[in-house]
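Trainee: I would like a close look at a single part of this model, the largest pocket. Please take its lining and the aromatic residues around there in detail, and then place the rest relative to that.

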Amino acid sequence: MENTENIQTTPEGFGPVLAQYFTGTAWLKMLVTPDENTNCNIGDVRFEPGARNNWHTHPSNQILIVTNGVGYYQEEGSPIREIKVGDVVNVLPGVKHWHGASPDSRFAHYAIDINTEKGVVNWLEPVTDEQYNNFK
Ligand code: MN
């Protein structure tokens, strides 16, 4: 049975995400980092319940593959989508969006960024509680 105590232990091999771009607690482990032969970035991102990243865009596609739990994904102007293990989201270049855990579940995804020579992410404003709580 899962430990339901509110203890946020750093998962093995993970480090904290950049706090200024997240609300709540999340962890990151880089699986693939770009170099002169590899224009791709793959991160394993884990979110505590309620945690999410800021609104942001990517210069090229970002592909999210859900690996654990239940999360939220939203593009600007569209409703929040609930996403679960095995779901794949292909985020198109320049589309303003955010992703993170649902309120009652931990959540994890792989985030694959392509064409990293163009950059990886452009961070914008935080997702407000009002926006986050607007799941229907
Ligand atoms: Mn993204």
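Mentor: What follows goes through the largest pocket, then the aromatic residues, then the second largest pocket and the metal site.

The model is predicted, and every value below is computed from it.

The largest pocket holds about 370 Å³ of space. Its lining is made up of 22 residues, and those closest to the centre of the pocket are Phe 22, Leu 28, Val 45, Val 121 and Trp 123. Three elements give two or more residues each to this lining: strand S3 (26-32), strand S4 (40-47) and strand S11 (107-114). Of the elements, S4 gives the most, with four residues. By residue class, the lining of the largest pocket splits into 13 nonpolar, eight polar and one charged.

Two of the residues closest to the centre, Phe 22 and Trp 123, also belong to an aromatic cluster, which is formed by Tyr 21, Phe 22, Phe 47, Phe 107 and Trp 123. The model has eight aromatic pairs in total. One of them is Tyr 21 with Trp 123: the ring centres are 4.9 Å apart and the planes are at 5 degrees, and because planes under 30 degrees apart count as stacked, this pair is stacked. Tyr 21 sits in the loop between strand S1 (15-16) and strand S2 (22-23), whereas Trp 123 is in strand S12 (residues 122-123), so the pair links parts of the chain that are 102 residues apart. Neither ring belongs to a buried residue: Tyr 21 is partly exposed, with a relative accessible area of 25%, and Trp 123 is partly exposed as well, at 27%.

Phe 22 and Phe 47 make another aromatic pair, with 6.1 Å from centre to centre and 35 degrees between the planes, which is a tilted arrangement. Phe 22 lies in strand S2 and Phe 47 in strand S4, 25 residues apart, and this pair too links distant parts of the chain. Phe 22 is buried, because its relative accessible area of 14% falls under the 20% limit. Phe 47 is also buried, with a relative accessible area of 2%.

Phe 107, another member of the cluster, is found in strand S11, one of the strands that give two or more residues to the lining of the largest pocket. Phe 107 is buried, with a relative accessible area of 2%. In space, Phe 107 lies 8.9 Å from Val 85, C-alpha to C-alpha, although the two are 22 residues apart in sequence.

The second largest pocket holds about 210 Å³ of space. Its lining has 12 residues, and Pro 11, Arg 46, Glu 48, Asn 68 and Arg 106 lie nearest its centre. S4 and S11 are the elements that give two or more residues to this lining, and both also appear among the elements named for the largest pocket. The lining of the second largest pocket divides into six nonpolar, three polar and three charged residues.

Next, the metal site. The manganese ion is coordinated by His 56 (NE2), His 58 (NE2), Gln 62 (OE1), His 97 (NE2) and His 99 (NE2), at 2.1 to 2.2 Å. Along the chain these donors follow the spacing H-x1-H-x3-Q-x34-H-x1-H. Gln 62 in strand S7 (residues 62-75) and His 99 in strand S10 (residues 97-101) are 37 residues apart, and the pair links distant parts of the chain. Both Gln 62 and His 99 are buried.

One donor, His 97, lies 9.4 Å from Gly 77 in space, C-alpha to C-alpha, with their positions 20 residues apart in sequence. Gly 77 is in the loop between S7 and strand S8 (81-84). Gly 77 is exposed, with a relative accessible area of 81%. Within S7 itself is Thr 67, which is partly exposed at 30% relative accessible area. The C-alpha atoms of Thr 67 and Gly 86 are 6.3 Å apart, and the two residues are 19 apart along the chain.

Two charged side chains also sit over aromatic rings. The charged end of Arg 52 is over the ring of Tyr 132, 4.3 Å from its centre. The charged end of Lys 96 is over the ring of Trp 55, 5.5 Å from its centre.

Technical notes:
Residues are numbered from 1 along each chain as its sequence is written. This is a predicted model: local features need pLDDT of at least 70, side-chain atom pairs count only at pLDDT 80 or more; totals for chains, interfaces and linings use all residues. Side-chain values use heavy atoms; hydrogens and water are left out. Donors are N, O and S atoms within 2.8 Å of the metal (3.2 Å for Na, K and Ca); water is not among the atoms, so sites may look incomplete. Buried means under 20% relative accessible area, exposed over 50%, partly exposed in between (1.4 Å probe, protein chains only). On a 1 Å grid over the protein atoms alone, a cavity is a set of points where a 1.4 Å probe fits but cannot get out, and a pocket is an open set with protein on both sides within 12 Å along at least five of seven lines; lining residues have an atom within 4 Å of a point. Grid points are joined across faces, edges and corners, and a volume is the space filled by probe spheres set on the points. Ala, Val, Leu, Ile, Met, Phe, Trp, Tyr, Cys and Pro count as nonpolar, Asp, Glu, Lys and Arg as charged, and the others, Gly among them, as polar. Rings of Phe, Tyr and Trp (its six-membered ring) pair if their centres lie within 6.5 Å; planes under 30 degrees apart count as stacked, over 60 as edge-to-face and the rest as tilted. A charge sits over a ring if NZ of Lys or CZ of Arg is within 6 Å of the ring centre and within 35 degrees of the ring normal.
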